[in-house]
Amino acid sequence: MYLCGMLMKTRNNRTCGLLLLAVLLTTACNRTEVVPCDDYRQAMRDFVVRISETARAQHPDFIVIPQNGIELVTVGEDADAELAAPYLAAIDGHGQEDLFYGYNRDDKPTPAAETDYLLSYLRRSKQTGNCILVTDYCSRSEYVAGARSRCDAEGFVSFAAPSRELDVIPSGAPTHENAQDIVRLSDAQNFLYLLNCEHFSSKTAFLDAVSATNYDLIIIDLFFDNDMAFTVEEVERLKHKANGGKRLVICYMSIGEAEDYRYYWQSEWKRHKPAWLARENPEWRGNYKVRYWDPAWQEIICGAGDSYLNRILAAGFDGVYLDIIDAFEYFEK
């Protein structure tokens, strides 16, 4: 009642409206009520569909690739269940880590039972027309060759990452190196996954190093060193292989965790958590689980205005690589 009376006494209507808006936004940001969710898997599917529809409304050919969480391709309890058609229609491929190497530790073969489990879902996704990008964490030459050979047999695209930090461009030429123009995801025969820039002395050094490669597709972060976003001109430069062919440049974005080094992070969140912010990931300091179905979190990721997705679109990326898709497992437990 006090607020209403104060607003009524405000002579300037515009000031009144702005004050009311500020109060409402503050209330929304500081609310403590947790939005309930009765189906964590469907909530993640719906989130990915929203991201896809939002992006493609501006860029019809925008590529959407979720990483891990491959169980979302079916709506039942196993890989033979009914396909999740709206979800599959919203994406162009799947990223899968540790399929053959690195499940428990880098340079260790993934247990056969786990590989078979993942393959049962990945094969179904591929049958619908999706491109499968596999990141195995291995550096031993026999494991790198083995990962590539097994991916070739499945029709998957392989990347053997020498470091789980994704901070290294592997030495030597990419597998199936070519000078073709890559205009769609299905054209890619190899890819580079490079998120961590700490070994590059500058943004220019990073751009020079990546530009000197012949990978068909590269996955990078929106930012160099967390605070310097890549520009339209820089992304355009990266779309050209050293041999003259064109390639795709895809932007990494975590949607199942919030990261305290991102532009959207507010320092007071550690003391006064918004309702959508959950526990810190003990394995990755500064990363926090989120209730990804909460409208406030989704606005940060793909809402109007200064959302993460809009920044990616404005920078001219060809698509987005969505991480922590498997966040549903955390909440199911």
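**Exercise 1.** In this predicted model, find which residue forms a salt bridge with Asp92, and state where the two partners sit in the chain.

*Solution.* Start with the side chain of Asp92, which meets that of Arg56 in a salt bridge with an N to O distance of 2.6 Å. Next, place each partner: Asp92 belongs to the loop between α4 (85-90) and β2 (93-97), while Arg56 belongs to helix α3 (residues 40-58). The two are 36 residues apart, so the pair links distant parts of the chain. Last, check the exposure of Asp92: its relative accessible area is 25%, and it counts as partly exposed.

**Exercise 2.** Decide whether the residues of the Glu259 and Arg262 salt bridge are buried or exposed, then do the same for Arg311 and Asp306.

*Solution.* In the first pair, the closest N and O atoms of Glu259 and Arg262 are 2.8 Å apart. Both Glu259 and Arg262 are buried. In the second pair, Arg311 and Asp306 have their closest N and O atoms 2.7 Å apart. Arg311 has a relative accessible area of 28% and is partly exposed. Asp306, at 48%, is partly exposed as well.

**Exercise 3.** State how many salt bridges the structure holds and name the residues of a network.

*Solution.* The count is 17 salt bridges. Asp98, Asp106 and Arg164 are joined in a network of them.

**Exercise 4.** Describe the second largest pocket by volume and lining.

*Solution.* The space in this pocket is about 310 Å³. Its lining has 15 residues, with Ile63, Val183, Arg184, Leu248 and Asp318 nearest the centre. Sorted by type, the lining gives eight charged, five nonpolar and two polar residues.

Technical notes: Residues numbered from 1 in each chain as written. Predicted model: local features only at pLDDT ≥ 70, side-chain atom pairs only at ≥ 80, totals over all residues. Heavy atoms only, no water. 1 Å grid on protein atoms, 1.4 Å probe; cavity = no way out; pocket = protein on both sides within 12 Å on 5 of 7 lines; lining within 4 Å. Points joined across faces, edges and corners; volume = space filled by probe spheres on them. Nonpolar A, V, L, I, M, F, W, Y, C, P; charged D, E, K, R; others polar. Salt bridge = Lys/Arg side-chain N within 4 Å of Asp/Glu carboxyl O. Helix = DSSP H or I, 4+ residues; strand = E, 2+ residues; numbered from the N terminus. Buried < 20%, exposed > 50% of the residue type's maximum accessible area, 1.4 Å probe, protein only.
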